[in-house]
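Got the viewer open? Here is a short walk through the model, one selection at a time.

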Amino acid sequence: MKGFIHSISLALFLFWMPGSIHAQEISLAGEWRFAMDADNRGIHEKWFTHALTDNIQLPGSMTENGKGNDVSLQTQWVGSIYDSSFFFRTSMAKYRQPGNLKIPFWLTPVKHYVGAAWYQRDITIPADWSGKTISLFLERAHINTRVWINEKEIGFQNSLVAPHEYDLTAFLKPGKQTITIRIDNSIKDQNVGPDSHSVSDHTQGAWNGLVGKLLLKAAAPVHMLDAQVYPDIHQKKAIVKIKWVNTTAHAVEGKMAVVAKAYNSNKPHQTATVYLPVQLGAKDTGIATLTLQLGEAMQLWDEFNPALYNLSAVLVSGNTKNEMQLSFGMREIKAVGNKMSINGRNIHLRGDLNNCEFPLTGYAPMDVSGWRRIFSIAKAHGLNHMRFHSWCPPEAAFIAADEAGFYLQPEGPSWPNHGTSLGDGRFIDQYLYDETGRMLKAYGNHPSFCMMAAGNEPAGKNQAKYLDAYVQYWRSKDARRLYTGASVAMSWPLYPASDFMIKSGPRGLPWQNNQPESMSDYRAAIEKFSMPYVTHEMGQWCVFPDFKEIKQYTGVTRAKNFELFREDLADHGMIHQAEAFLMASGKLQALCYKQEIEKSLRTNNSAGFQLLGLQDFPGQGSAIIGVLNAHWKEKGYITANQWSRFCNATVPLCRMSKFTYSNADTLKAAIEIYHYGKADLANAVILWTLKDETGKMVKQGKFAPTNIPTGGNTDAGVLSVPLHSISKASKLILEVSIGNTPFANDWNIWVYPQAVPDIKQSVYYTDTLDAKAEAILQKGGTVFMNAAGKVRKGAEVVQYFTPVFWNTSWFKMRPPHTLGILVDTSSAAFNHFPTAYHSDMQWWEIVNRSQVMHLEDFPKGFTPLVQPIDTWFMNRKLALVLEARAGNGKIIICSADLVSDTSRRIAARQLMYSLQQYMASPKFDPKQKVDMTILKNLFISPSKETWESFTKATPDELKPAVQQKQ
């Protein structure tokens, strides 16, 4: 009844005043006159004094309108190129030709333009706008704007993060007027760093234009300018600070009425209306501060219950009134020890990086529906957090994240490293403060705006001092979120004043030197720090390009990089394997993400991780690191449901010392539950099953019911299964689930016989293609060559079990160079070695650090039994195991070691046994014939096709770490 009375009171208050309470608006969307100003002559020649002759549609970019220059080798890109081999390699020559230009560094825009451009249109100001405050609202401009009304200059604004707004009151009168806007998208006078995702061709592109809402607004002479809401969940109240202005020449008095109402909840809730008398002097601004009491019915906002309130403020003064509405949420985010909490409940960030990859438009969605799609896909993959790498999204992203209960970390629009630095008195020092102030004003009320960083990986010898001061300043100004200095890798200094830290220590898989296991975690990397530690840019596992994706580029960019890679693959005679390479490499990529994410989830002192990324990064040499493409679409080798089994608010985890076993072993696995769900799980029953590939049960069990509190990890128990009943080489699947919930997870393990029988066969075993081997082949015999350590042609290709990191172009062919293996499972060679067509854990001891053979001289169409997948920048045909007819005989050559230390390396032993069985059977009948000279050249001649760096400059991640306190 009380809420009803307050509603009536506010309604009467509004009804009592005549006229509309809403600001009047005129949309400026539509056709504008236009001119490019590449030579920067427009200001000097006063282009604002005459009608421009071209035309363009706004909102939109020049590129969307087909304006700008054709891309050429001389295009002045906004972005660093560290791999100049494209410009010098003979094999790339045809892609450097006019009409066939295909660059591998990033997506190619249909048009490119950096510099000034002019936009102009006529407007008509209504007669009833006389005496009102008139403003121009440009929601997102790229980058700086300069505005004229008729022939009078209004001003200049420069922001990459917030709307450009101009007060036009003194320059407009009713009737027809001309508005002219000059936009400059170059960064020469506003260098935030050319690789910053706010400006770079690596990501969204260097577009020029105006997007989002383009409006003329009229407001009463006395009106509100801004309102900020500061929740206090402990006192169950919200402090509201409203800034208002009196534009008249005389003092005014008035009354303000403010109320908040829950609008996206099943539980109705409305505060009492607060009335506040206000007064202000002539031509003055003031702050009205009031308190809204939310009481016991207060609804809190978080990822599970994203309750939102609509605040309505009405200002009445004299015969005018003005209304402002905004959305806010009641939430508190805090750093408590090494954890973050929302409303007193521990959270763990499962995050993704958004790098402003929007290939169809070249800029971020300006509509809420576009962001709803992105956050719904991210949530389907079990994520609850998104970092915006060196850029800030528009308000539509915050609105959608508020609705979804998604935790956001926007950043200042700078990667102040390549071309600029922090703390050295450059433009960026003050600009970051200015931009942060604009971000907090524009988006500070959104509960999803939970974290803030100045930007990414800065340079500058004084950066730590600068960023500590930055954090302290903004925390004192607005404590509604947590602040950190910057998102950085390990060679950067610490920023002690931060509320939390983002560094790359707790990431990676140590499989280069150690066999895969699921026992370890990242605790040691975190425990020496007392603040929440979020993992920086975790993942970066590559997959082969999906050439089917090319047809999806129907907007402002073309995947010329993918076209180049596809054509180069065809030139190497393997275009028919493109889909198989995608799927096989994708399965390994997904496996690596699963293992790394689970390792992070096992780390109970972690505050979370930020992936790079769930989706591909189209720049920096083409970093194909997502299980989704740059359009946020699946690629076919893992679904959101499969991914969310190991990445979710609740995940069963398993600690095992290895994934390959002898049947004399006992499988032991410690089960724990990662749980950051909405509430505790009471009397939860943890179930487990061990089945073979046919679904036949090997063993099952369950643990005693246990309470699983939210906000951490809970040990469930240890399962133990003797494996002596497994008589032949087998793949088993261990699944752990939580009864009466959708949460389950699974792991593949392999069990091999403790010993393999001897095989009677007439095979000559050798590690050299010597005269004896050749003679046996000429007589029709069979040869097995153990080529481990003997390869010359392909010795430059470094293979680990894990795939390429980020990409081999950006990191100048830093190893590894391969993307897993493609196995010919149709061959009887693997009848006694259970395997899929792709890498899995049993292959680790066979593949990791093994040499590969470069088959550049082999007959066209030759396909090995086990084929390592090369980096897409080289597309070499490689082999790990091959079979062929040579002379009159048959040969298998294996460049992996299958013969040493086989009592320990049981998977290698089992593969050798399977190959021996194959060679002894009538099914061993190679169809492909290879000349003996070609086979010999694998071991005596280097590769003819090699990669040369040319460029000596390297990304920061490859430069020597500076000496600094960690």
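Start by selecting C356, which is buried, with a relative accessible area of 1%. Keep in mind as you look around that this is a predicted model. C356 sits in the loop between β23 (349-354) and α2. Its backbone is worth a look too: phi of C356 is near 65°, a positive value in a residue other than glycine. Most residues other than glycine have a negative phi.

For a second example, jump to R849, where phi is also near 65° and positive, again in a residue other than glycine. R849 belongs to the loop between α11 (844-847) and β45 (853-854). Buried or partly exposed: which is R849? R849 is partly exposed, with a relative accessible area of 47%.

Now come back to α2 and select residues 368-380, then add α3, residues 395-404. The two axes come within 8 Å and cross at roughly 45°, so α2 and α3 are oblique to each other. The crossing is right-handed. Show side chains and you'll find V368, W371, R372, F375 and K379 of α2 meeting residues of α3, among them A396, A397, I399 and E403. By class, this contact of α2 with α3 has nine nonpolar residues, three charged and no polar ones.

Next, try another helix pair: α4 (residues 427-443) and α5 (residues 463-477). Their axes are 12 Å apart and the angle is about 25°, which makes α4 roughly parallel to α5. This crossing, too, is right-handed. From α4, pick out I428, D429, L432, Y433, T436, G437 and L440; they meet Y466, A469, Y470, Y473 and W474 in α5. Sorted by class, the contact of α4 with α5 holds nine nonpolar, two polar and one charged residues.

Time to go inside. In soluble globular proteins, nonpolar side chains tend to be buried together. Here the largest nonpolar core has 184 residues, and W371, W643, M656, W843 and I846 are those with the most contacts inside it. Which helix gives the most to this core? Helix α8 (residues 578-601) does, with 12 residues. Zoom in on W643: leaving aside neighbours within four places in sequence, W643 is in contact with H381, Y593, I597, L611, L614, V627 and I638. There is also a second, separate core of 30 residues, which includes V229, I233, V258 and M324.

From there, select T808, in the loop between β43 (782-786) and β44 (818-823). T808 is buried, with a relative accessible area of 1%. Not counting residues up to four places away in sequence, T808 touches M813, R814, P816, H817, T871 and F873.

Then pick K217 in strand β12 (residues 209-219). At 22% relative accessibility, K217 counts as partly exposed. What does K217 touch, if residues up to four places away in sequence are not counted? The answer is Q24, E25, W129, T133, I134, S135 and F137. For a sense of scale, draw a line between the C-alpha atoms of K217 and S730: they are 71 Å apart in space and 513 residues apart along the chain.

Finish with two peptide bonds. Most peptide bonds are trans. The one from L58 to P59 is cis, with omega near 0°, and P59 lies in the loop between β3 (54-58) and β4 (60-61). The bond from H142 to I143 is cis as well, with omega near 5°; look for I143 in the loop between β7 (133-142) and β8 (144-149).

Methods:
Residues numbered from 1 in each chain as written. Predicted model: local features only at pLDDT ≥ 70, side-chain atom pairs only at ≥ 80, totals over all residues. Heavy atoms only, no water. Core = buried A, V, L, I, M, F, W, Y, C linked by side-chain atoms within 4.5 Å. Buried < 20%, exposed > 50% of the residue type's maximum accessible area, 1.4 Å probe, protein only. Helix = DSSP H or I, 4+ residues; strand = E, 2+ residues; numbered from the N terminus. Contact = heavy atoms within 4.5 Å. Axes fitted to C-alpha atoms, helices over the stretch in contact; angles between N-to-C directions. Parallel < 35°, antiparallel > 145°, perpendicular 65-115°, else oblique. Left-handed = near helix turned anticlockwise from the far one by under 90°. Nonpolar A, V, L, I, M, F, W, Y, C, P; charged D, E, K, R; others polar.
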